[in-house]
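Got your viewer open? Here's a short walk through the model, one selection at a time.

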Amino acid sequence: MRDLTPPPDEPLPDQSRARIRAELLEAAQQPPRGRRWLVPAVVAAAVVLVSALTAWAVQLGPDDESGAPAVAPTTSAPVPEPTPPDPTATGPSDPDDPGDHWAGHGPCAQELRNPFPGAEQAAAFDEHTSLWVKGDRFALCDIRDRTTVHGPRPLAPVEEIGTYAVSTIFTDSGKVTRVAGGVVPDGALAYDVAYTFPDGQTVRAETTEGGGRTWWRVVHSYESSGNEMKQPPIEVTVSYSGVQERYVLDWATDTCAQVNHGC
Amino acid sequence: MAAEHDLVERLRDGDPDALAALFDSYGDRIYNHCFRATGDWAEAEDATSTVFLEVWRHRRRVLLHDDSVLPWLYGVATNVCRNLTRSRRRRLRAVAALPRPAAEPDHADRVTDRLGSTARMQAVLDAVEALPAHEREVLGLVAWSGLSYEQAAAALDVPVGTVRSRLSRARSRLTDLTSGGDRDA
């Protein structure tokens, strides 16, 4: 019988030990990547919110005789939808005009103008989902019953629950569609993202290449039944580089990733 | 183990010195565990570095088992080494199998020792390659790295009974394999 005893242990060579230790300290002393984009992201979100409220208030105008102060819509309450345009009305002369269009029903380039001006398409999964990039940020755009634009996020993935937030679209047929997507970290080994939805289905992310990056996406539609707040939460499992992370998405907070229309 | 508990608390709080202290305490053990998984000292160095970088990235999720962080560290190391691509491992083994140049007289004994230990570990890994990966991992943790069944279970996030059964099956398989090899010889 062959000897299956491994050779005796050896210490790390001194030079290697010093090198690794220095690398670890350098990596640990770098400021967390997740914070750098936080301030601009909050500012951008505030700008979008103020713009939306202003547009809404202008739309209500003198017809609003309630005299009640405008109240910011929250993610847990239905967001008032703008009235669909009169089919007989003349549309904007410039089809790319971001102005008076029915939010959530324009092409991606148009819907992105407000939250992410200047972004250019970097990749697409199919005719539905595309990824848009400007500088060091990206945004996902998804066209189904509506055009849904996710809030811009940093291209360098941040390992936190917000990275896996889903957008939500309810349809007249009683279905709900959830979409999530992002960038596969450079050098990540065996990257895998899987979402388990309240209907019990587990959907693994698909990937595509574009703009020199690998992108992942998860899409799932299912019958919407009752108050989602009382349903099991959406769970996310992320595996890469030998580490597994699990996230439980909070209803509303992590399930309303879109910025161009309500949830 | 109060010191280790404090160390982990500091790590969770983002103290870089805690990471360095953890590396100082367990770097050698992880290094040797990775060597036994890869059969290559250079690969083990890279893997060790990756393990502690992953520890830092996921420091808020560090788990203590019986007040020891070691099983969790071994779990991270096992996952990191598992994800080294097969092709890379094959390449490394192919390189390791090439005839070695004769040792230069001015080479340190230690270099020769390391070449010898690499060849020996490669032979051991070749012998256990027929085992399923999850049985090899249990063998590596319990038989080679000296973890208890409970610690190995914590490292692999499986029940203790699963560790016992995997190890039992691994030993049984190895007995069959090696005795078959003897018969063929």
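What pattern does chain B follow, read along the sequence? Chain B goes α-α-α-α-α-α-α-α-α, and its secondary structure comes to nine helices and zero strands. Helices here are DSSP runs of H or I with at least four residues, strands are runs of E with at least two, and both are numbered from the N terminus.

Before you click further: this is a predicted model, where local features need pLDDT of at least 70, side-chain atom pairs count only at pLDDT 80 or more, and totals for chains, interfaces and linings use all residues. Residues are numbered from 1 along each chain as its sequence is written, while chains are lettered from A and ligands numbered from 1 in the order in which they are written.

**Stop 1: chain B**

Select the whole of chain B. Of its 185 residues, 37% are buried (a residue is buried if 20 or more other C-beta atoms, placed from the backbone, lie within 10 Å of its own; exposed means 12 or fewer, and partly exposed is in between).

Now pick helix 7 of chain B, residues 133-144. This helix is mostly covered, with nine of its twelve residues buried. Among them are Val138(B), Leu139(B), Leu141(B) and Trp144(B), and Glu135(B), Arg136(B) and Glu137(B) are on the list too. Step just past the helix and you meet Gly146(B), which takes a positive phi of about 80 degrees.

**Stop 2: two crossing helices**

Next, show helix 4 (residues 70-82) and helix 8 (residues 149-156) of chain B together. Their axes come within 7 Å and cross at roughly 50 degrees. (Axes are lines fitted to C-alpha atoms, for helices over the stretch in contact, and angles run from 0 to 180 degrees between N-to-C directions.) That makes helix 4 of chain B oblique to helix 8 of chain B; angles under 35 degrees count as roughly parallel, over 145 as roughly antiparallel, 65 to 115 as roughly perpendicular and the rest as oblique.

Which residues of helix 4 and helix 8 of chain B make the contact? On helix 4 they include Leu70(B), Trp72(B) and Tyr74(B), and on helix 8 they include Ala154(B) and Leu156(B). Contact means that the C-beta atoms of two residues, placed from the backbone, lie within 7 Å. The residues of this contact divide into seven nonpolar, three polar and no charged (Ala, Val, Leu, Ile, Met, Phe, Trp, Tyr, Cys and Pro count as nonpolar, Asp, Glu, Lys and Arg as charged, and the others, Gly among them, as polar).

**Stop 3: where the chains touch**

Bring chain A into view. The contact between the chains takes 25 residues from chain A and 35 residues from chain B. On the chain A side, helix 1 (residues 14-29) gives the most, with ten residues. That side divides into 14 nonpolar, four polar and seven charged residues.

**Stop 4: the sheets of chain A**

Select strands 6, 7, 11 and 10 of chain A: they form an open sheet in that order, with antiparallel pairing. Two strands pair if DSSP finds at least two bridges between them. At the edges sit strand 6 (167-170) and strand 10 (206-210), each pairing on one side only. Nine bridges join strand 7 (residues 175-183) to strand 11 (residues 213-223); look for Gly181(A), whose bridge partner is Arg217(A).

Finally, try strands 9, 8, 12 and 13 of chain A, another open, antiparallel sheet in that order. Its edge strands are strand 9 (202-204) and strand 13 (243-248). Strand 8 (residues 192-196) and strand 12 (residues 235-240) are joined by five bridges, and Asp192(A) has Ser239(A) as its bridge partner.
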